[in-house]
Amino acid sequence: MEFSIPLWRKIDRGLTSFRMLKNKKLAVILIISITLPVLAGGSYFLWEYFSTRSMDPMSAVPVDASAIFTTKRPDVLWEKLNKESEVWQTFSMTGGLSQLNDALKSIDSALRMNSDYQDFLGKTSIVLSIHAISPGKNVFLFIQKLPLPFSEPMLHRFLNKYGKEQSAESIRYRSCKIRANIFGKKSIKVWHTFYKGLFIAAFEPETIKRSIDQIKDSPAVNLQKEFVLVNSTSGKTTPGNVFVQFENMPAVLSAFSARHFSTGFGKLGNFARWAGLDLLVQSDKLIFSGYTHAQGTDFLKLFSNQKPAFPQALSILPSKTASFACMSFDDYRHFIDQYNNYLADIYKSENNQPANAALSASVLENLKQAGITEITVALVNSGYSTALENTLVIVRSKNQALFSQMLTETLPSNKRNNKITINGREFGYAGFKQFFGNFMFNILPDFEETYYYTVGDNFIFCPSADNLYKIISSYLSGSTLINDRGFSSLMQGLNEKSNIFLYYHPERSAAFHHFLFEDITAGNLDSQLPSLAAMDGLAIQFSTEGNRFYSTIIIKKAIPTVVSATASALEGLVPEDSLIENPETEGDYPDVSTVMPQDTLPDMRAAWTYITENPIVGQPVILGRGNKKVVMITDTQNQIYCLDDGGKLKWKIRSDNAVIGLIQEADILGTGQTGIVFNTADKLWALDFNGQVYKNYPVNLPEQAMNSVAIIRSRKSRTTSVYYCSKDNAVVCLDKQGRELKSWSKPKADNAVKNQILYFSTAEGEFLLIPMIDGHIMICGMDGSIKSESSSSFVNSNNSEIYLNATNSKGVMLTTDEKGNLTYVNPSGPVEKTVFDNFSNKHFFLYDDFDGNGGKDFIYIDDRVLIVYDRFKTVLLKHSFTGAIKIKPLILEVGKKKYLAVLDHTAGGISLIDLHGLVNAEPYRASLPFTAGSMGASKELYLITASGSRIYSYPIK
């Protein structure tokens, strides 16, 4: 049976279906209306994100950049530079860096006001590059990648909030709007644009336009093959990286260099391709280290097969060196061949090949035979009027004899005798230009004919004989660059060996600024001299590592001089009347503030070194005989050390009070066995060489001693007695048991006794000589009777010893008076004088056969001047030290040769002098009185010095 559906139900069903369909459509429409904007915005966001993410800030750097700096954490780096780096604080005040530093400070100040912006902008990649946009004009380009969702409007709001926008000066360029804002109190104008997710800024708009062109039209700098090579070696976690493109450096440097140097700087474009360096920031220095890539005809490529070496010239260059360039060679003949090809290639590439583009055959052969291993060119601040006169060249040769012969042959026969002799030193004469020709024409100075002097295998050239003598004197006195505190500190961050070593000292170079730089730059440097004076200098090194060159640049600020703990401990310990308290130390004590930290460092020249528990006082002494010699020394806590000849401690003992004068060796008991004797103010000590105190010693002195005891054995009576001066200036005599002798008449001096009482015997008898602090002398017999006094005849110099006369028959003894007059003294009879020159009352006088001709010579040192006379008053030697001499020099005898050992505190230690002048390149370290003597089985002479808490033993050969 068929049932029909009512119409109204059909209608109802239809309406229900329609409503369901309508709801579905509405839902779809609703979904679409919601998701489309989301999809559109998300697509835009993703497109914007991926398009900007792929844009590296390096892509916006124009390819003509000379130097590029990059960092991924600018906030951290800026904090270190601005707050911790003294170097940046100094150099940020000069030239273009001043403007850049002010701009960065303004931006940093703005960021600190808004932590949100700081989070966004402080943790993104930044690139800073320098470009030469026109002759003499350089600009910085600043590029920062902005993180999403940081948009252009947000950036403009930030810039307008902290800097005043110059809307009238905005520029439209290739769909980009370049705006200008004024920042900071100094009204610094910064141009900027926002493009491809990059914030690009500069101090003028043209560089920004070139950056936009670079993005749109050209392959990026970081895609260049040479850049990729150096970038692959750069550190990825360092605070920053620096890349240098040498090809473009001449254009930048031409803005700073003097006109006559522009051509020379132009050759820098042929030095290498790219250098990639990592930045390390320390409080006192900025260090850049990495690799440099050279190829083709690059100059640095010539050193590819040359092993790096330590630059020997550092031990010769004066401490006044303003700048130098040093090159070391391992295979010099190969280098010469390569260099000759290099000359031809660079001129060919410039389409300007002169006749002397390559080395002549004769020059080429000369250079090969010379066996050169090192060449150094230096500017030294010697005070001459022209830069050339202040220039020196040091050439190191392994064929010294042949090189010397070839130098002579460079001159015509009529000039080969143009030698000059100064103070016994002969300076040769050579045709410098004739020998070297076109070799290193951009590095070697324009010397035509020069004087030269040889030090070992080093030939030192200078056009001024007078300046050359000064340089040699500086070298021999140890006043050299390698001994300079600032340079030594700079060297600590450098490699020991290198192929190329460049150095620049801002303060010492001030005299040459107007010679090296154009007037504005030189003026800026001159105005900053107070700041630049605090710099230890700038150093650059290149060292071969396979086909790459390890490169280091250091800019260092000097650390203020701080007196060491040793010096502080010594202050106040040396009384003003130390000549009375410690009479064996002739002259004034050195200023203890000169004892610096490096005095406690080891010295490789020393045979051994020993460090005492406390600062050393007094003078070390060598005691003993044969192979059993020892070194004795005391410290500030009255500890007495006994060291064997190898510097090992045998024993030590503490005395009751400070030792007065020297520790001595004497047979005080008269047993034929010597021991060790010394005294304090209250006691007399005697002990054996094992450190065992003699029985009944130490002995209490009957009266307080004011000087070191003298243990004297009478040749006539064969008895040993002890003599010293008491507090009331009486001369006390003791027997070997320390008891006062009743037979002694106890003479009394008119003044305090200066040092040890002396004994001498003549045909007239035995005598005691008592030198007083006021320069007068009293002579006594062995019973204490006064034989003569000099109070009415002359005043002896405080620093002049009294010697037995071996020159003539004018007197038994000789010495000098307070004016330096040679004075002959007799136990009885007149005093005779011989006038030499005008000397101060602080002069030292020594009497010895210095020239080895069998006759005694007269040696004077007054302030900083040394003069040696023979018996006929002929000047054998005259020399000036770097500072005043305050401690008695010593005569050393090595074989048949005599040396004078002189402690020059200004030079930093002890220098040895022979008849030709100073002979040791670096002073032996010392700041206190010193001694010398043979030690060990070899009988070799050793110089024993002390400084701070360290004793040095130097073999003298």
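What follows walks through the confidence, overall make-up, cavities and a few local features of this predicted model.

Some ground rules come first. Residues are numbered from 1 along each chain as its sequence is written, and since the model is predicted, local features need pLDDT of at least 70, side-chain atom pairs count only at pLDDT 80 or more, and totals for chains, interfaces and linings use all residues. Side-chain values use heavy atoms, with hydrogens and water left out.

Confidence is a mixed bag. The mean pLDDT (the predictor's confidence in each residue, from 0 to 100) of the protein is 78, and 76% of the residues reach 70 or more. Elements here are DSSP runs numbered from the N terminus, with helices being H or I runs of at least four residues and strands E runs of at least two. Among these elements, strand E25 (residues 639–643) sits at the top with a mean pLDDT of 95, while helix H21 (residues 578–581) has the lowest, 28. Two stretches are worth flagging. Over residues 38–53 pLDDT stays under 50, and the model has 9 contacts beyond four places in sequence for that stretch, a contact being heavy atoms within 4.5 Å. Residues 561–600 also stay under 50, with 89 contacts beyond four places in sequence. Where pLDDT is low, the predicted coordinates should not be read in detail.

As for the overall make-up, the secondary structure comes to 21 helices and 53 strands. Of the 957 residues, 53% count as buried; buried means under 20% relative accessible area, exposed over 50%, and partly exposed in between, with a 1.4 Å probe and protein chains only. Among contacts with a separation of 6 or more, 57% come from residues 24 or more positions apart.

Next, the internal voids. Rolling a probe the size of a water molecule over the atoms shows where empty space is left. On a 1 Å grid over the protein atoms alone, a cavity is a set of points where a 1.4 Å probe fits but cannot get out, and lining residues have an atom within 4 Å of a point. Grid points are joined across faces, edges and corners, and a volume is the space filled by probe spheres set on the points. By this rule there are 2 cavities of 30 Å³ or more.

The largest cavity has a volume of about 50 Å³ and is lined by 10 residues, with Arg425, Tyr469, His879, His916 and Gly917 lying nearest its centre. Helix H15 (465–476), strand E45 (875–880) and strand E49 (917–918) are the elements that give two or more residues to this lining, and H15 gives the most, with 3. For the class split, Ala, Val, Leu, Ile, Met, Phe, Trp, Tyr, Cys and Pro count as nonpolar, Asp, Glu, Lys and Arg as charged, and the others, Gly among them, as polar. That puts 4 nonpolar, 5 polar and 1 charged residues around the largest cavity.

The second largest cavity comes in at about 40 Å³. Its lining is made up of Thr408, Leu411, Arg416, Lys419, Gly428, Tyr429 and Tyr452, or 3 nonpolar, 2 polar and 2 charged residues by class.

Phe427 belongs to strand E16 (residues 425–431) and counts as buried because its relative accessibility is 0%. Leaving aside neighbours within four places in sequence, Phe427 is in contact with Lys419, Ile420, Ile422, Tyr451, Tyr452, Tyr453, Leu468, Tyr469 and Ile472. One of these, Leu468, is 41 residues away in sequence and 8.5 Å away in space, C-alpha to C-alpha.

The cysteines form 0 disulfides, a disulfide being a pair of cysteine sulfur atoms within 2.5 Å. Cys642 is buried, with a relative accessible area of 0%, and Cys725 is buried too, at 2%.

On to backbone oddities. Most residues other than glycine have a negative phi, and most peptide bonds are trans. The bond from Tyr697 to Pro698, however, is cis, with omega near 0°, and Pro698 is found in the loop between strands E29 (683–687) and E30 (699–700). Phi of Arg718 is near 60°, a positive value; Arg718 lies in the loop between strands E31 (710–713) and E32 (720–725) and is exposed, with a relative accessible area of 57%. Asp863, in the loop between strands E43 (857–862) and E44 (865–869), also has a positive phi near 60°, and is partly exposed at 42%.

Note on methods:
On a 1 Å grid over the protein atoms alone, a cavity is a set of points where a 1.4 Å probe fits but cannot get out, and a pocket is an open set with protein on both sides within 12 Å along at least five of seven lines; lining residues have an atom within 4 Å of a point.
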